[in-house]
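User: Could you take a close look at one helix for me, along with what sits around it? I'd like the backbone oddities too, and a quick feel for the whole chain at the end.

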Amino acid sequence: MADMIINLLFAINDHYLQHLKTTLWSIHCNTKPNIEYHIYVLQQPLLQRNLELKKFCQQLHMQYYPIIINDPEFFAEAPVSKRYPLTIYYRLLAHHYLPTHLQRILYMDADILCINDFSQLYQLDLENNYYAAAIHSGLTDLTNVFNKMRLDTYESDGYYNSGLLLMNLPLIRQHVHAEEIFQTIKNFGKFFLLPDQDILNTLYSKHILSIPDEIYNYDTRKKLIYETTSGGQFNLNWTIENTVFLHYCGKDKPWQLSYKGNFRELYLHYQHQMLNLTTY
């Protein structure tokens with residue numbers, strides 16, 4: 001019998017299936033035993049390789065639940081364009097599609113690698129916050145200042161990255177509404193640079209609990225910045241021992257031959273192990 005159940009949420013298409021499998025494999029390798037994982041995947045349409053993902057999850061003793069978003073009436077008022085495809089709404093409105101008995105879920109981008117146990121994060125006391133998320137800070141923190149000015153979020157701690165969100169579903173169901181999100185895009189969308197992330201910060205930054213990015217949302221592009229701002233504490237050894245999630249942010253990804261960023265070898269190690277599992 002499992003000691004605890006952890007609900008995980010992803011949103012992918014078929015092009016990202018292999019990368020999701022690598023993320024799941026890294027979770028399987030680096031978290032405590034006797035945890036039962038329930039994997040919810042937002043998708044539109046149903047993944048062509050849905051059966052492959054289902055069997056892979058079974059192999060890892062994870063429960064897989066496809067969430068098919070096929071609700072044109074719900075999104076009838078949603079501003080949609082090349083810049084604002086429907087997919088930007090999926091993580092913010094996932095509570096409309098998830099089972100109502102779920103109390104919390106951890107949303108993760110599929111370019112994240114788990115290298116240490118995260119059960120402590122999952123059990124975090126969210127208090128009266130809708131989400132827990134991390135702020136990616138820089139050497140001078142000018143990016144956070146710019147984003148506060150751009151989005152008029154001066155009272156927030158900073159600009160939150162939406163690639164990893166611990167969701168307090170009861171409060172989100174009460175306070176996060178599609179109409180407000182759609183209207184915000186209609187009113188301010190021309191000022192947005194990263195639409196779904198900008199919406200999260202504009203509307204809900206006051207209701208986000210900050211978690212340390214060097215532990216839970218380590219931006220692999222900023223390895224030198226982490227080391228510099230910590231006075232050398234957050235070096236490679238510290239990161240391997242303490243960081244939970246490596247997030248390969250940006251357009252360049254470690255599975256691409258052209259990738260020249262940090263931690264590529266570590267990602268390829270997990271990808272290689274995943275590919276060596278039984279192929280269906």
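Analyst: Let's start right where H2 stops: the helix is followed by histidine 61, whose phi is positive, near 60°. Before going further, bear in mind that this is a predicted model, where local features need pLDDT of at least 70, side-chain atom pairs count only at pLDDT 80 or more, and totals for chains, interfaces and linings use all residues. Residues are numbered from 1 along each chain as its sequence is written, and side-chain values use heavy atoms, with hydrogens and water left out.

Now the helix itself. H2 covers residues 50–59, and its buried residues are Asn50, Leu53, Phe56 and Cys57. They sit on the same side of H2, because the arc they cover around the axis is only 125°. (That arc is the one made by the directions from the helix axis to the C-beta atoms.) The spacing fits a general rule: an α-helix has 3.6 residues a turn, so residues three or four places apart point the same way. As for the labels, buried means under 20% relative accessible area, exposed means over 50%, and partly exposed is in between, with a 1.4 Å probe and protein chains only. Helices (H or I, at least four residues) and strands (E, at least two) are DSSP runs, numbered from the N terminus.

What covers that buried side? The cover includes helix H1 (17–30), strand E2 (35–43), strand E3 (63–68) and helix H11 (264–275). Contact here means heavy atoms within 4.5 Å.

The loops on either side of H2 are worth a look as well. Proline 45 lies in the loop between E2 and H2, and a cis peptide bond with omega of about 0° joins glutamine 44 to it. Proline 45 is exposed, at 55% relative accessible area. Its C-alpha is 7.5 Å from that of asparagine 70, though the two are 25 residues apart in sequence. On the other side, histidine 61 lies in the loop between H2 and E3. Histidine 61 has its positive phi of about 60° although it is not a glycine, and at 64% relative accessibility it counts as exposed.

There's another positive phi at phenylalanine 263, near 65° and again in a residue other than glycine. Phenylalanine 263 is placed in the loop between strand E10 (245–247) and H11, and H11 is one of the elements covering the buried residues of H2. Phenylalanine 263 counts as buried, at 9% relative accessibility. For context, most residues other than glycine have a negative phi, and most peptide bonds are trans.

Now the whole chain. The protein has 11 helices and 10 strands. Its radius of gyration is 18 Å, close to the 19 Å that the globule rule gives for 280 residues, so it is as compact as a globular protein of that length. (The radius is taken over C-alpha atoms, and the rule is 2.2 Å times the number of residues to the power 0.38.) Along the principal axes, the C-alpha trace spans about 50 × 50 × 40 Å. Buried residues make up 52% of the 280. Among contacts between residues at least 6 apart in sequence, 80% join residues at least 24 apart.
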